[in-house]
Amino acid sequence: MPMEFVDHHIRDKYLKVDRLPHIWCPGCGIGSILNAFLLGMEKAEVDPDQVIVVSGIGCTGRVPGYLNMDTFHTTHGRAIPFAVGLKLARPDMHVVVFSGDGDLVTIGGNHFIHAARRNNDLLVILVNNFNYGMTGGQVGATTPTGAITTTTPYGNLERPFNIPYLAAAAGAVYVARWTSLHVRRLAWSIAEAFHRKGFRVIEVLSQCPTTFGRRNKMPEGIDMLRWYRDNCVIQHYADPKDAEIVPGRKIIIGKFIDITDGVETFEEKAWNLVRKFLGDRIEIPFRKGLRCPKEIPG
Ligand code: SF4
């Protein structure tokens with residue numbers, strides 16, 4: 001008999017509760033990150049009717065399926081180009097890309113760097129679970145050196161992408177990293193990023209006990225959370241170069257980049273060009289009232 005879900009959580013109003021239970025494994029971090037996202041949206045006082053969430057494929061890619069707002073579940077690696085088109089057509093909306101590391105910086109890596117270079121006005125929530133979880137735990141561009149995956153049974157030989165450095169070097173105007181343990185700070189960071197414009201990236205290190213943790217001596221979700229508790233250090237405005245995840249070294253989390261002055265988005269440039277040719281016949285519906293609600297607690 002199907003389980004019945006009634007209003008039992010303060011943020012159920014943002015969810016399609018009839019789609020529950022969700023597909024994520026017991027102990028997975030994606031649910032906490034989704035809750036932090038909804039909390040961040042609330043803290044930012046953003047109207048959910050003004051938010052569009054886009055994902056690609058993967059465990060995190062399933063997030064939009066549970067959200068009771070405008071959402072798009074697109075093809076693998078293509079969430080960003082889809083969101084770019086959406087934002088160009090609707091500059092008045094908050095367009096959020098909510099997807100995983102495999103989708104955004106491995107298969108879709110090229111789109112990620114070019115959207116940062118162009119300064120497309122997107123908020124990217126990148127959930128990093130260090131592997132391709134949904135397809136069984138293959139190595140990806142974020143898998144730490146030496147980690148065991150199904151395709152690196154003797155340890156990963158490659159160096160992982162340092163996502164904050166990659167995003168900052170490519171031109172992102174807001175770059176932060178949190179974990180599925182630091183949900184309060186993550187929510188504030190999301191709230192803050194809602195009130196910025198341009199290409200904004202928040203990497204969230206998540207726990208994936210099923211395909212990553214159990215092959216790397218962290219078989220339960222709580223084991224990976226303990227790893228974050230014991231190995232993460234909050235250091236705002238650290239040099240993103242130092243954010244590389246290296247076994248045996250502290251993981252730097254916090255806000256790395258926050259540029260607010262002189263930021264011009266690709267969409268502003270594009271719509272200003274349109275206005276140059278069409279004059280006042282066209283009204284540009286940009287987002288209004290950008291502000292920072294509060295500092296992230298330290
Ligand atoms: Fe979460 Fe990993 Fe399971 Fe995917 S495979 S739902 S990331 S625990």
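**Exercise 1. Strand S3 and its partners**

Val-96 stands opposite Leu-123 in S4. Keep in mind that this is a predicted model. Your task: starting from that pair, work out which strands join S3 and in what sense they run.

*Solution.*

Step 1. Look at the S4 side. Strand S4 covers residues 123-128, and five bridges join S3 to S4, with the two strands running parallel.

Step 2. Now turn to S1, residues 51-55. Four bridges join S1 to S3, and these strands run parallel. You can find one of the pairs yourself: the bridge partner of Val-54 in S3 is Val-97.

Step 3. Ask how well S3 is covered. Strand S3 spans residues 94-100, and seven of its seven residues are buried.

Step 4. Check each face. On one side sit His-94, Val-96, Phe-98 and Gly-100, and on the other Val-95, Val-97 and Ser-99; all are buried, so both faces of S3 are covered.

**Exercise 2. Strand S8 and its partners**

Which sense, parallel or antiparallel, does S8 show with S5, and which with S7?

*Solution.*

Step 1. Take S5, residues 174-179. Strands S5 and S8 pair in the antiparallel sense over four bridges. As an example to locate in the structure, Ala-176 has Lys-255 as its bridge partner in S8.

Step 2. Take S7, residues 232-234. Three bridges join S7 to S8, and here the strands run parallel. Try finding Ile-234, whose bridge partner in S8 is Ile-253.

Step 3. Add the burial of S8. This strand covers residues 251-258, and eight of its eight residues are buried.

**Exercise 3. Three residues, three levels of exposure**

Sort Leu-186, Ile-107 and Asp-280 into buried, partly exposed or exposed. You need two cut-offs: buried means under 20% relative accessible area, and exposed means over 50%.

*Solution.*

Step 1. Leu-186 is in helix H7, residues 183-194. Its relative accessibility is 0%, so Leu-186 counts as buried. Setting aside residues up to four places away in sequence, Leu-186 touches Ile-33, Ala-36, Trp-178, Thr-179, Ile-202 and Val-204. Gly-40 is 146 residues away from Leu-186 in sequence, yet their C-alpha atoms are 7.8 Å apart.

Step 2. Ile-107 is in helix H4, residues 101-107. With a relative accessible area of 37%, Ile-107 is partly exposed. Beyond its neighbours within four places in sequence, Ile-107 is in contact with His-76, Gly-77, Arg-78, Gly-102 and Tyr-132. The C-alpha atoms of Ile-107 and Ala-141 are 9.0 Å apart, with their positions 34 residues apart along the chain.

Step 3. Asp-280 is found in the segment after helix H9, which covers 266-278. Its relative accessibility is 77%, so Asp-280 counts as exposed. Asp-280 and Asp-230 are 50 residues apart in sequence, and their C-alpha atoms are 57 Å apart in space.

**Exercise 4. The largest pocket and the largest cavity**

What volume does the largest pocket have, and what volume does the largest cavity have? Which residues line each of them?

*Solution.*

Step 1. Begin with the pocket. The largest pocket has a volume of about 260 Å³. There are 13 lining residues, and His-9, Asp-12, Leu-15, Leu-20 and Leu-34 lie nearest its centre. Sorted by class, the pocket lining has six nonpolar, five polar and two charged residues.

Step 2. Move on to the cavity. The structure holds one cavity of 30 Å³ or more, and the largest cavity has a volume of about 50 Å³. Asn-128, Thr-142, Pro-160, Phe-161 and Ile-245 are the closest to its centre among the 13 residues that line the cavity. By class, the cavity lining divides into seven nonpolar, three polar and three charged residues.

**Exercise 5. The whole chain**

How many helices and strands does the chain have, and how does its radius of gyration fit the globule rule?

*Solution.*

Step 1. Count the elements: the chain has nine helices and eight strands.

Step 2. Compare the radius of gyration. The chain has 19 Å, close to the 19 Å that the globule rule gives for 298 residues, so the chain is as compact as a globular protein of that length.

Step 3. Picture the outline. The C-alpha atoms fill a box of roughly 60 × 50 × 35 Å along the principal axes.

Step 4. Look inside. Buried residues make up 53% of the 298 residues. Of the contacts with a separation of 6 or more, 70% come from residues 24 or more positions apart.

How values were computed: Residues are numbered from 1 along each chain as its sequence is written. This is a predicted model: local features need pLDDT of at least 70, side-chain atom pairs count only at pLDDT 80 or more; totals for chains, interfaces and linings use all residues. Side-chain values use heavy atoms; hydrogens and water are left out. On a 1 Å grid over the protein atoms alone, a cavity is a set of points where a 1.4 Å probe fits but cannot get out, and a pocket is an open set with protein on both sides within 12 Å along at least five of seven lines; lining residues have an atom within 4 Å of a point. Grid points are joined across faces, edges and corners, and a volume is the space filled by probe spheres set on the points. Ala, Val, Leu, Ile, Met, Phe, Trp, Tyr, Cys and Pro count as nonpolar, Asp, Glu, Lys and Arg as charged, and the others, Gly among them, as polar. Buried means under 20% relative accessible area, exposed over 50%, partly exposed in between (1.4 Å probe, protein chains only). Two strands pair if DSSP finds at least two bridges between them. The radius of gyration is taken over C-alpha atoms; the globule rule is 2.2 Å times the number of residues to the power 0.38. Contact means heavy atoms within 4.5 Å.
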